[in-house]
Amino acid sequence: TVWKIDPDMNDGFPCHVNEREFVKIPVDGIALNMDRLFLEPGQTAELTAEVSPPEAWNQTVLWTSSNEAAATVSADGVVTAHEIGDAVITATTEDGGFRGECHVSVVLKTTQLTLDRHEVFIDAGESAALQASIIPENATNQTILWSTSDDSVAAVTGGTVRGLAPGRAIITAASEDGGGKDTCVVVVRPPAAERYDLNGDGVCTMED
């Protein structure tokens, strides 16, 4: 009840069983610093595993990858991306077999986004279409987010701009993965009938 000999404690020499540092406290869980990663081929990221409780006697963690063609992981948790695809990186405690996972997606990100026009004039009530080009063309995420600086002047949906009221608005197209962005200035004019009604009689005639 006083002394104990265990090859995993105190280098196999006798130790007091009531000494905290020599008591085998079991592992009861593990947590990773990230549960989702997006990397491009060749990029690396470091995962860290926190074993609980902190005073557990065996802090050893074993790292594995479910798809080493997409991403591998070193013995100390460094993930390296190789080719486009998905992999689950798992950290398993040697004591107790508790597991923590991080889902890794190896993607090709957008590097540039360009609009086909950077200035558009339309009448209120009319529409115009903007086309966005992504580089590289085979970027994994092709989603484009559209927005307007003034939704009372112009609205935009999927690249189609509709003039709502006379004024000026800036239409922005941005890649969802954050790799590119471009803008177009949209000037919305009053309807033609109003613009050319010079005598103010409410209609556009030969007199105007």
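**Exercise 1. Describe how β8 and β9 are connected, and how many residues lie between them.**

Solution. β8 and β9 make a hairpin with four residues between them. In the turn, Gly77 has a positive phi of about 90°. Strands here are DSSP runs of E with at least two residues, helices are runs of H or I with at least four, and both are numbered from the N terminus. This is a predicted model, in which local features need pLDDT of at least 70 and side-chain atom pairs count only at pLDDT 80 or more, while totals for chains, interfaces and linings use all residues. Residues are numbered from 1 along each chain as its sequence is written, and side-chain values use heavy atoms, with hydrogens and water left out.

Next, take the pairing: two strands pair if DSSP finds at least two bridges between them. β8 and β9 (residues 78-81) meet this in the antiparallel sense, over three bridges. Ala71 is opposite Ala81 in β9.

**Exercise 2. Work out the order of the strands in the open sheet of three strands.**

Solution. The order is β5-β9-β8, and the pairing is antiparallel. β5 (44-46) and β8 (71-73) are at the edges with a single partner strand each, so one side of each has no neighbour in the sheet. From one strand to the next the twist averages 20° (axes are lines fitted to C-alpha atoms, for helices over the stretch in contact; angles run from 0 to 180 degrees between N-to-C directions).

β5 and β9 run antiparallel and are joined by three bridges. Thr44 has Thr80 in β9 as its bridge partner. As for the faces of β9, Val79 and Ala81 are on the covered one, and Val78 and Thr80 on the uncovered one.

**Exercise 3. Sort the side chains of β12 by the face they point to.**

Solution. The side chains alternate along β12 (residues 112-115). Leu113 and Leu115 point to one face and are buried; buried means under 20% relative accessible area, exposed over 50%, and partly exposed in between, with a 1.4 Å probe and protein chains only. Gln112 and Thr114 point to the other face and are not buried.

Then find the partner strand. β12 runs antiparallel to β15, and four bridges join the two. The bridge partner of Thr114 in β15 is Ser133.

**Exercise 4. Locate Leu130 and list what it touches.**

Solution. Leu130 is in the loop between β14 (127-129) and β15. Its relative accessibility is 5%, so Leu130 counts as buried. Contact means heavy atoms within 4.5 Å. Leaving out residues up to four places away in sequence, Leu130 touches Asp116, Arg117, Val120, Trp146, Gly159, Val161, Ile171 and Cys184. Gly159 is 29 residues from Leu130 in sequence, yet their C-alpha atoms are 5.0 Å apart.

**Exercise 5. Find where the peptide bond joining Ile135 and Pro136 lies, and what touches Pro136.**

Solution. The bond between Ile135 and Pro136 is cis, with omega about -5°. Pro136 lies in the loop between β15 (132-135) and β16 (144-148). Thr110 touches both Ile135 and Pro136. Thr110 itself is in the loop between β11 (99-106) and β12, and counts as buried because its relative accessibility is 5%.

A cis bond also leads from Ser52 to Pro53, with omega near -5°. Pro53 is in the loop between β6 (49-52) and β7 (61-65).

**Exercise 6. State how many disulfides the whole structure holds.**

Solution. A disulfide is a pair of cysteine sulfur atoms within 2.5 Å. The search finds zero. Cys15 is buried at 3% relative accessibility, and Cys102 is buried at 0%.
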